[in-house]
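Okay, thanks for coming, everyone. I'll walk you through a few spots in this one, so let me put it up on the screen.

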Amino acid sequence: RRRRHRQRTLRLMTGIFLVLCVVAGYLIISGGMGTKQLVYAYEKKQYNKAIYTGELFAKDLCLVNGDTEMSGAPDTSTYKAAALFDVNNSKTTYAYNATSKMYPASITKIMTLILIFDEIEKGSLHMEDEVITSAYAKSMGGSQVFLEEGEKQSVETMIKCIVIASGNDASVAMAEHIAGSEGAFVEKMNERAKGLGMENTNFEDCCGLTESDNHYTSAHDVALMSRELVTKYPKILDYSSIWMDTITHVTEKGTSEFGLTNTNKLIRSYDGCVGLKTGSTSVAKYCVSTVAVRDGITLISVVMTAPDYKVRFKDAAAMLNLGFGSCSLYVDENKKPLPNIAVEGGVKEELACDYEGTFRYLDTKGAALDQIEKKIKQKDKVKAPVKKGDLAGTAEYYLDGKKIGSVNLRFREGTKKAGY
């Protein structure tokens, strides 16, 4: 009897141990989420998905009114919002409730990173500058890198902590370093959001830890700020594509190393994935803004309010597959030189001109891109003076008789009026 009792006890303890192992493994894989997130992982909630496509996400990203259907798009019964954009042509290829307001969780940090790189670009902040952690920054819960009060880290290290490990403490430390306080920094975040046309966004903190109803964004707005970050500051992809790294804590307690592991598992599992940011709280559920590059095409896939971390990554990947599978990219290499333009009354009799940029066209409907026709509309003659960079004409591109875009032609050099 005692032997059977011991056997039952042993089986019970073994079962409890296995359950604890499973829970611990889940927490490790999901980036150290708390018990609330573990509970929500089993709730059958709908979630948002959005994907944005285009030639480096041209500045004229827009949404049409209402929904736009696309062949091969997922069943709308499985999510609340989704979108697929041909950004280069300012055309919504697929959209479903992409402007609905949602809790962003740590995707908030995308805007924090934009402001950090804004300061670096202005020259008021440098990668090697030291940032001191305050008691308030140290007190941040959730995902963190365990900075101590008074600890100094370089700006570059703080960026790694934010991008790779989603450190709330590092985010607040940077906010205080730049603006003096998190509150003042958040004001800058909201100003920047308005400047980007993020009409369904309001921030209340710099890391997304808050669960306030007044801290919200939309899948469309997440794509807007993601595009701004990766196109204006492509350096961020050097950090967001890191799978594992190490920082060194130097405090009064001594020196110790701390490992950083990327919270975006698609970095390892999805071909071409180079970023960008994950997030999760009990109210936001699981979110991700994913950047992937294949064959010259760059896509941003946004998933919000997923019921668990696996669904978050699965559907981000599915949306990327949909985009890559339906997209074809035409690039005009501009190999033939443009003819010179005659100058009337100038020191120089003629001037050379160049394409202002490379024309790219992203097709999602299976068009015959080899049938694209280019028409050069160039001035025959100009009067002096002419400045370098002045408009010399346009190159227009047509497909099936319809204009699909254009590139300006600019003078390579200038000339003064001739003296007589």
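Let's begin with strands S12, residues 341–344, and S13: they run antiparallel, and two bridges join them. If you want one pair to look for, take Ala 342, whose bridge partner in S13 is Glu 350. And just to be clear, what you're looking at is a predicted model.

Now zoom out a little. Those strands belong to an open sheet of three, in the order S13-S12-S17, and the pairing is mixed. S13 (350–351) and S17 (381–383) are the edge strands, each pairing on one side only.

Next up, helix H8, which covers residues 219–232. How far apart should its ends be? At 1.5 Å a residue, its 14 residues should span 20 Å, and the end C-alpha atoms are indeed 20 Å apart, so the two agree. The helix is mostly covered, too, with twelve of the 14 residues buried. Among the buried ones are His 220, Asp 221, Arg 227 and Glu 228.

Last stop: Asp 205, in the loop between helix H7 (182–195) and H8. What is the nearest side chain of opposite charge to Asp 205? That's Lys 109, but it sits 7.8 Å away, and Asp 205 is buried with no salt bridge. So what does its side chain reach? There's the backbone nitrogen of Gly 208 at 2.7 Å, and the backbone nitrogen of Leu 209 at 3.0 Å. Looking beyond its neighbours within four places in sequence, Asp 205 also contacts several residues, including Thr 108, Glu 182, Met 189 and His 215.

That's my tour, thanks!

Notes:
Residues numbered from 1 in each chain as written. Predicted model: local features only at pLDDT ≥ 70, side-chain atom pairs only at ≥ 80, totals over all residues. Heavy atoms only, no water. Helix = DSSP H or I, 4+ residues; strand = E, 2+ residues; numbered from the N terminus. Expected span 1.5 Å × (residues − 1). Buried < 20%, exposed > 50% of the residue type's maximum accessible area, 1.4 Å probe, protein only. Lys, Arg positive; Asp, Glu negative; His and termini not counted. Salt bridge = Lys/Arg side-chain N within 4 Å of Asp/Glu carboxyl O. Polar contact = N/O pair within 3.5 Å; in protein donor to acceptor, adjacent residues only side chain to side chain. Contact = heavy atoms within 4.5 Å. Pairing = 2+ DSSP bridges.
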